[in-house]
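Here is a short briefing for a first look at this structure. It goes topic by topic, from charged pairs to rings to strands.

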Amino acid sequence: MKRRDFIYQGSLLSAAAAFPGFSFPSIYNPGKKNINSQGPIPENLREKGRPTTYLKSKNELQYIGMPVGGIMCGMLYLGGDGRLWLWDVFNKNQTGVIYKDIPWHEKIQGNEAVLRPFDGANYVQPVKDVRPVEQGFALRFELGGKEIIKKLVPEDWDEIAFEATYPMATIRYTSEDLPFDISANVYSPFLPLNEDDSGLPATIYSFYFINKAGMPATISVTGWLENKSSVYTACDEQYSRLNAATQKNSLSYITGTTRNRNWGDDNFVYKPDYGDFTLASFNTATLVNTSADFNLVDRDFFTKENKTHATASFDKKLVASVSDRIIIQPNEKNELHYCISWYFPNLSFHEIKNETQRYYAKKFKSSADVTEYVSANFKRLSFLTRLWCNSYYKNSSLPYWFLERTFSNISTLATTTCHRFSSGRFYAWEGVGSCPGTCAHVWQYAQAMARIFPALERDTRQRVDFGIAFHEDGHIGFRGEYDEQPAIDGQAGRVLGVYREHRTSADNSFLNHIWPATKKGIEFILAQDKNGNGMVDSQLENTLDAKWPGEIAWIVGLCLAAVKAGQLMAEEMNDEAFAAKCKLFFEMGKANMEKELFNGEYFIHKADPKAGKAVIGSYNTCHIDQVYGQSWAFQAGIRERIIDQQKTLSALKALWKYNFLTDVGPYLQTHHGGRPYALPGEGGMLMNTNPKNEDLPYGVRDAWQVTYFHECMSGFEHQVAAHMMAEGMVDEALLLTKTIHERYSAVKRNPFNEVECSDHYARAMASYGTFINACGFEYHGPKGLIRFAPKINAADFSAAFTAAEGWGSFSQKKSKNTWAYRLELKYGTLILSKICLQSDLKKTRSTAIHLGGEKVNAAVTQDKNTIIIQFTNPLTIGIDQRLEIDVT
C-alpha cells in the first residue's frame, strides 16, 4: 500500500481510551513576532553536565523503553526499573509499538477524530507495562544475621536511577536498609563498524555490588524467564513447552522450546513465532531450575535446583531460573553476569521475494547457539561496548544531554522499524510497521547508520537503490518493490548517499562498482530541469506526499547538492566530460536559485507559470527544508557552497524567527488537523509558517497534506539543528535539540522513541548529523583525509569519531600559544595521508608530530584558521596508538 493510502485509509479499531482535554493559551498571531527565542538562550546548554538520569522518586521510570535486543533482531525494551518488556521478537509485524486508536478533539488530516500509531497515538498516550513474557531478577542479602530480599521492581526500592546512555544503560538501586552500592549495566553488544556482532539477539545483565557494611555479606541473585516460544501458535492441546538445562564450566543455561505433537503439521517450523528462548548465567557454581515458581520469591527460591527437563501444557506458565551466590568482604566489589537470548528466525514480507529468514539465522541455529557465542566472546563484546560508551559519552567534552539526544535515535535499528534478511539485505519501514520499502525520501535524512555501520548503507545503495529499485531511465523506485515511481528528493538523497558512502570507505572499490548506475541516476535528475535553467521543476513525488509543480527551493537545492556530488565523483573517476556537465548545471542552477527563489529573507517555492497555485505547495511560506541541500552537503563533506552563505544564514534565521516556538499551543488553536508530535506547553519547529499572512498560503485549503505544515516532526528539526550547527548558529542548534530532548523526557513519554509516522521513526536519525557538525568532522577514506573543526568549547574539546575501518577519540586543547592535538585509535585501523585542524594562531611557527612516540615527517601549511598537515608517507594507526601534534 502506498504511503498516502496507508495514512488515509488505515482501518479504525475500537477506541482504546479518551485523551484528557486541554486548553490552549492565547491565540497565536502569525503576522507578529513569534513567541520563540526572544528570551536569552540558557547558558548551561554547553556545559558537560552529567548523564540524564531518570528517577523513581520523580515518577520518571514508567515509560522508559530502551531497545536492548541487538540491531535488526526484533524489539525488546529495557524498562526504567531494569525489567524487560514489550517483547516484539515474534515477527508479528504490527503497526506501532502496539496498535491502538485513541479519540482526539479534532479530525486528523481530514480523516477521523482518532489518533492511530502513525498519527501519534503513542506520543499522546505512551505505551507502558506490556509484558507478554514473565522475566525478572531478585536479590537476597545476608549480613549480621539478617536477610533481605528484593526484586527489581519499583516498590522494593527507595530509589531507582536510570542513566539513559544508549547502548548501555546504568541502573542504580538504593534502599536505606541495604549498606551496598548496587548497579546494573544492561545492553546488547554494540560495536561500531561491526554490524554482525551488534546484531545478536541477546541482552546482557551485569550486576555490580560494593559492600559498604563493616562486615562480610552474602549476596544471591536469581534471574527468571518464561518460555513463551510459539506464543501465538501454541494455542491448543497439541502443543507443549519444554525447558532443558545445559551446564559447562562457567556457563549454565536453560533453553525453552515448544513441541508439536501433530506430526502432520509441516508448517509449524515456518511460523513467525517458531523458535526458542535461552536464559544463561556466565558465572561459576550456578544453580539451574527448569521449573521455577517466580510467584513466591522467598529464601528457597534462591536455592532450588532442577536440572531435569521440565514440560508444561500450552496454557500453563513454564519458567526457568538461574541462581548465583557470592560472599563479599567489606569495601570489596564483585560482579555477576547473565544473558537472555532468543531465536525466532522466520521473517517475511509479501512483496519481497526469496527472503524468509532473519540475518541471525545465517549464523545461528538456536538461542542456545547465540548464548554459546556470547559467552565465548563475552570479554571482547562487553569490553568494546563499554569502550565505545566511554569514548562517546564519558571522554567527550560535549554535553551529556546533547550526546544522548543525537545518538539515541540509532536505537531505531534495534526495533521492528528495521530488519535484515539472511541474504544480508537491510530492509526497513519508515516507523514501526508503517509505510514500507526502506523509503528513499525518508531514509535519506538519516545520518547515523552511515557513520556507525557504513557497510549496511553501502550494501543498501548497491543492492537496493541502484539494484532492485533501479530503472532503465535512471530513476530509483523510492520504495523498492512496493512503489516503483521516483521521488525526486529521495533520488537526490540517494546520490548524495553514494558520495557519503564512498567517503566512509577504505578505498575506491565501492565507487568503482556503483558509478555507472549512479551516473545514470544523476542524469535522471538533470533531465528533470524542464526549462533549462538549472532548477529541477518536474512534478514528482516528494516526502510530503504530493507532487508539487514549479521550482521549489528545497528540492532545487537538494538536487544541486546531488549534482555537485556527481561532479566530485566524476572527477575521482576521471570522467572529465560528465564532471564538466555537472559543474555547468550546478553553477547555472545555483545562480538562478539565489536570484529567483530568494525573497530577500528566505527561500520560497516559485509557482509553475501554467498551474499557478492550483496545486498544493509551500510557495511564499517559510518552509523547514528550504536550504536542505546545503545541510546535506555538510554531511557529505562537500566544501564548495551549494547556496550562498549569507542567504543561507538569512533563511535559517527566518526559520528561527517564524517557525521555532517555545510553546506550540497558541499556534495549534488556529491551525488544525495536524498530527500531535508536539502538544500545548511543548516547543518545536513548525514545518511551515505564513509570514506574509496570505489567505491561501499553500494554494489550496482542503488537501489533507496541508496538515503536515502544522506539525513538529523531529527528523526535520534535527536536520535544521545540524545545519545551524555547521553554519555557526551553535546556540540555536543546541536549543532546538534541547527542545526535542525535553519533549521526549521520560516523565512524559519514552525518551528512546521519537515518533513521526509511527514509532521509532527513521528520519529522526538525522540527529547524528548534529553531532558530526558539532565536531566539525569530515573524512575521506580513499584519500586518507580527516578534518576536525569543533563548534563547541574548541579550546578544550574531545569527542569520539568513526572512520572506514576504525574508531577512536580526538582532542584538542589550547594552552597560551600552543595547540595540542591528540588522535587515539580504540578499534580497528586508520590510514591517514592528511589531517586538517582548527587553530586561532595567526601564523604557525613550529609543528611537532609523533605517532607512538616516533617522529613523523610532514609538510605543514596554513589557510586562515586551518592547519593542513600532509604526511610524507601515509600513516597506519593501530589500536591504542596515539597521533600527537603540537603546534605553536
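A residue counts as buried when its relative accessible area is under 20%, and as exposed when that area is over 50%. Anything in between is partly exposed. By that cut-off F364 is buried, because its relative accessibility is 5%. Keep in mind that this is a predicted model. The structure holds 48 salt bridges, and a search of the whole structure finds 63 aromatic pairs.

**A salt bridge between a strand and a loop**

- K150 and D177 meet through their side chains in a salt bridge, with 3.7 Å from N to O.
- K150 belongs to strand 8 (residues 146–151), while D177 sits in the loop between strand 10 (169–174) and strand 11 (180–187), so the pair ties together parts that are 27 residues apart in sequence.
- The two ends are not equally covered: K150 counts as buried at 9% relative accessibility, whereas D177 counts as partly exposed at 39%.

**Salt bridges between helix 8 and helix 9**

- E457 forms a salt bridge with R500, and the closest N and O atoms are 3.7 Å apart.
- E457 lies in helix 8 (residues 454–468) and R500 in helix 9 (residues 488–503), so this pair ties together parts that are 43 residues apart in sequence.
- Both E457 and R500 are buried.
- R461 and E501 make another salt bridge, at 2.9 Å from N to O.
- This pair also links distant parts of the chain, with R461 in helix 8 and E501 in helix 9, 40 residues apart.
- R461 is buried, because its relative accessible area is 0%.
- E501 counts as buried too, at 0% relative accessibility.
- Salt bridges with shared partners join E457, R461, D465, R494, R500 and E501 into one network.

**Aromatic pairs**

- How many aromatic pairs does a search of the whole structure find? The search finds 63.
- In one of them, the ring centres of F364 and Y373 are 5.7 Å apart and the planes stand at 65°, so the pair is edge-to-face.
- The angle decides the label, because planes over 60 degrees apart count as edge-to-face.
- F364 is buried at 5% relative accessibility.
- Y373 counts as buried as well, at 18%.
- Ring pairs also link a cluster, with Y166, F190, W388, Y392, Y393 and Y400 among its members.
- The cluster further includes F407, F453, Y768, F771, W807 and Y827.

**Charges over rings**

- R749 lies over the face of Y123, at 3.5 Å from the ring centre.
- Where does the charged end of R763 sit? That end sits over the ring of Y445, 4.7 Å from its centre.

**An open sheet**

- Six strands form an open sheet in the order 31-32-33-39-35-36, with antiparallel pairing.
- Strand 31 (796–802) and strand 36 (854–855) are the edge strands, and each pairs on one side only.
- Within the sheet order, strand 39 stands between strand 33 and strand 35.
- Strand 35 (residues 847–851) pairs with strand 39 (residues 882–887) in the antiparallel sense, over five bridges.
- H850 has E884, in strand 39, as its bridge partner.

How values were computed: Residues are numbered from 1 along each chain as its sequence is written. This is a predicted model: local features need pLDDT of at least 70, side-chain atom pairs count only at pLDDT 80 or more; totals for chains, interfaces and linings use all residues. Side-chain values use heavy atoms; hydrogens and water are left out. A salt bridge is a side-chain nitrogen of Lys or Arg within 4 Å of a carboxyl oxygen of Asp or Glu. Helices (H or I, at least four residues) and strands (E, at least two) are DSSP runs, numbered from the N terminus. Buried means under 20% relative accessible area, exposed over 50%, partly exposed in between (1.4 Å probe, protein chains only). Rings of Phe, Tyr and Trp (its six-membered ring) pair if their centres lie within 6.5 Å; planes under 30 degrees apart count as stacked, over 60 as edge-to-face and the rest as tilted. A charge sits over a ring if NZ of Lys or CZ of Arg is within 6 Å of the ring centre and within 35 degrees of the ring normal. Two strands pair if DSSP finds at least two bridges between them.
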